[in-house]
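Here are my notes on this model, set out point by point. Please read them with the structure open.

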Amino acid sequence: MKRLIKNGQCLVNGHLQVRDILIADGKIAKIGQHLSAQTPVDQIIDAQGLFVSPGLVDVHVHLREPGQTAKETVKTGSLAAAHGGYTTIAAMPNVIPAPDTSERLKAMLALNQRDGAVHMVQYATITTDRGGDELVDMAGLKAAGAFAFSNDGNGVQTAGTMYQAMQQAAQLNMAVVAHAEDDSLTFGGVMHEGNVSKRLGLPGIPSVSETAQVARDVALAAATGAHYHVCHVSSAATVQVIRAAKAAGVNVTCEVSPHHLLLSDEDITSDNAMLKMNPPLGSEQDRRALITGLLDGTIDLIATDHAPHTDAEKAQSMLKAPFGITGSETAFAMLYTKFVKTGLFSLVQLINWMAASPAARFGLNAGQLMAGAPADVVLFDLTTPFTIQAADFLSKGHNSPFIGQQVLGKTIRTLVSGKDAYISRP
Ligand SMILES: NC(=O)N[C@@H](CC(=O)O)C(=O)O
Ligand SMILES: [Zn+2]
Ligand SMILES: [Zn+2]
């Protein structure tokens, strides 16, 4: 089966140029000009006027299966990813039961293989059931196919446990991916502690709950040599700790979520659970520090932390609703519209943070359009405005603060290994 994506706009040496992409046997066979004249193909995909991007890579999604399939399933969550232009996703292990043994991990890998609409990799936990201090069998889980280790949803509370996890991870050449949160510093808060939480009368989470644990873990990473990756960095102080650690040569990488780049606590004007997530939206100063951190290379990549919950759960007050918002289906359009169209980021930078960089940091064969690579390709319309609507989501979750936004960057078609994973309705 040969397919040709014709006349699309590709990034070539940092500029959009018209190119054809020839796909054969699920791989990119050739990128060039006027390829149809040279090779007979089974199908031509007309990409005239569309941006042809490498498939995006999201190293942080929650798919809720097994255990909480009213919120999401592997099928709906991976279709949502394809709708957002993602062709590779890494699923977090806070499902029930959690993949903390080789057997459980293998069952999840089989499920992902069966129902995944995109390429999927799977996190295993750091500790049994993501809590306490009993380390998983890291070597066994690596052998069973784990992508990396994470207790996402919770921080590892004991330094000694994290130290031992990192020692083993370093030996196994695997990443420890941390949700950094010191539970003794959160005080039952539901949003960032600051002027806004005081005004709204809601309990605040001091951002030092994140920074303190990252500072601890940076020291442990320096001592063990492990690849330590920090999830969803949210505060200026944390960015500064990671910047200093990188300058000192520590093997640390980190991600930022679209919502922490786009929103701050000043956007919380009333008790609205659509703006409740962990870590919480920081101050406007934090938000600006995250943008600076991306631009100076302190922050390596953008990951969505797609965290679907049911409508009923998120209709509750901020005190009661669960933490988390969806992200897979809004990330590219929101970031393109708010940062690239305004000139703050270039398209090259955005695509690097959303595709090549996450792939490179985690050793995934993804994120770049080039001959020989898997034919993971996305066609985006960068010129026709559209409105983000819950009815268009393929995720079961509708808990997005971006519903109603007028944006550019609609996904027209997503190819995974050369096959259609998503096609927009005309
Ligand atoms: N980010 C969130 O607010 N929630 C995540 C857990 C997590 O990423 O910590 C979830 O699983 O719902
Ligand atoms: Zn988390
Ligand atoms: Zn998460």
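**Notes on the predicted model**

1. Ligand site. The residues around ligand 1 are His 62, Asn 94, Asp 152, Gly 153, His 179, Met 277, Asn 278, Asp 305, Ala 307, Phe 323 and Gly 324. By class, this shell splits into three nonpolar, six polar and two charged residues. Keep in mind that the model is predicted.

2. Domains. The protein is divided into domain 1 (2-51 + 374-423) and domain 2 (56-361). Domain 1 is thus given as two segments, 2-51 and 374-423. The C-alpha centres of domain 1 and domain 2 are 27 Å apart.

3. Domain contact. Domain 1 puts 27 residues into the contact, and domain 2 puts in 37 residues. On the side of domain 1 that touches domain 2, the elements giving two or more residues are strand S16 (377-381), strand S19 (410-416) and strand S20 (419-423). S19 gives the most to that side, with four residues. By class, the side of domain 1 that touches domain 2 holds 14 nonpolar, 10 polar and three charged residues.

4. Helix H2, length. Does the span of helix H2 (residues 102-115) agree or disagree with what its residue count predicts? It agrees. The 14 residues of H2 should span 20 Å at 1.5 Å a residue, and the end C-alpha atoms are 20 Å apart.

5. Helix H2, faces. Arg 104, Leu 105, Met 108, Leu 109, Leu 111 and Asn 112 are the buried residues of H2. They cover an arc of only 160 degrees around the axis, so they sit on the same side of H2. An α-helix has 3.6 residues a turn, so residues three or four places apart point the same way. The face of H2 turned away from the buried side carries Glu 103, Ala 110, Gln 113 and Arg 114, which are exposed. Cover for the buried residues of H2 includes helix H1 (74-83), strand S7 (86-91), strand S8 (119-122) and helix H3 (138-144).

6. Helix H4. H4 has 14 residues. From first C-alpha to last, H4 reaches 20 Å, close to the 20 Å expected at 1.5 Å a residue. Its buried residues are Met 162, Ala 165, Met 166, Gln 168 and Ala 169. Seen down the axis, these fall within an arc of 165 degrees, so they line one face of the helix. What covers the buried residues of H4 includes H3, strand S9 (149-150), strand S10 (175-178), helix H6 (208-224) and strand S13 (227-230). H3 is thus among the elements covering buried residues of H2, and H3 is also among those covering H4.

7. The end of H4. Gln 171 belongs to helix H4 (residues 159-172). Is Gln 171 buried or partly exposed? Gln 171 counts as partly exposed, because it has 13 C-beta neighbours inside 10 Å. Gln 171 and Ala 139 are 32 residues apart in sequence, yet their C-alpha atoms are 9.3 Å apart in space. Just after H4, Asn 173 takes a positive phi of about 60 degrees.

8. Cis peptide bonds. Check two places. The bond from Glu 65 to Pro 66 is cis, with omega near 5 degrees. Pro 66 lies in the loop between strand S6 (56-61) and H1. Another cis peptide bond joins Ile 96 and Pro 97, with omega about 0 degrees. Pro 97 is in the loop between S7 and H2.

9. Positive phi in loops. Asp 25 is not a glycine, yet it has a positive phi of about 50 degrees. Asp 25 is found in the loop between strand S2 (15-24) and strand S3 (27-32). Asp 25 counts as exposed because it has 10 C-beta neighbours inside 10 Å. Phe 187, also a residue other than glycine, has a positive phi near 55 degrees. Phe 187 lies in the loop between S10 and strand S11 (191-192). With 12 other C-beta atoms within 10 Å, Phe 187 is exposed.

10. Cys 10. This residue lies in strand S1 (residues 2-12). Cys 10 is buried because 20 other C-beta atoms lie within 10 Å. Leaving out residues up to four places away in sequence, Cys 10 touches Gln 17, Arg 19, Ile 31, Val 52 and Leu 369. Cys 10 and Ile 31 are 21 residues apart in sequence and 9.5 Å apart in space, C-alpha to C-alpha.

Technical notes:
Residues are numbered from 1 along each chain as its sequence is written. Chains are lettered from A and ligands numbered from 1 in the order in which they are written. This is a predicted model: local features need pLDDT of at least 70, side-chain atom pairs count only at pLDDT 80 or more; totals for chains, interfaces and linings use all residues. A residue is near a molecule or strand if its C-beta atom, placed from the backbone, lies within 6 Å of it. Ala, Val, Leu, Ile, Met, Phe, Trp, Tyr, Cys and Pro count as nonpolar, Asp, Glu, Lys and Arg as charged, and the others, Gly among them, as polar. The expected span of a helix is 1.5 Å times one less than its number of residues. The arc is that of the directions from the helix axis to the C-beta atoms. Two residues are in contact if their C-beta atoms, placed from the backbone, lie within 7 Å. Domain bounds come from an automatic or database domain assignment.
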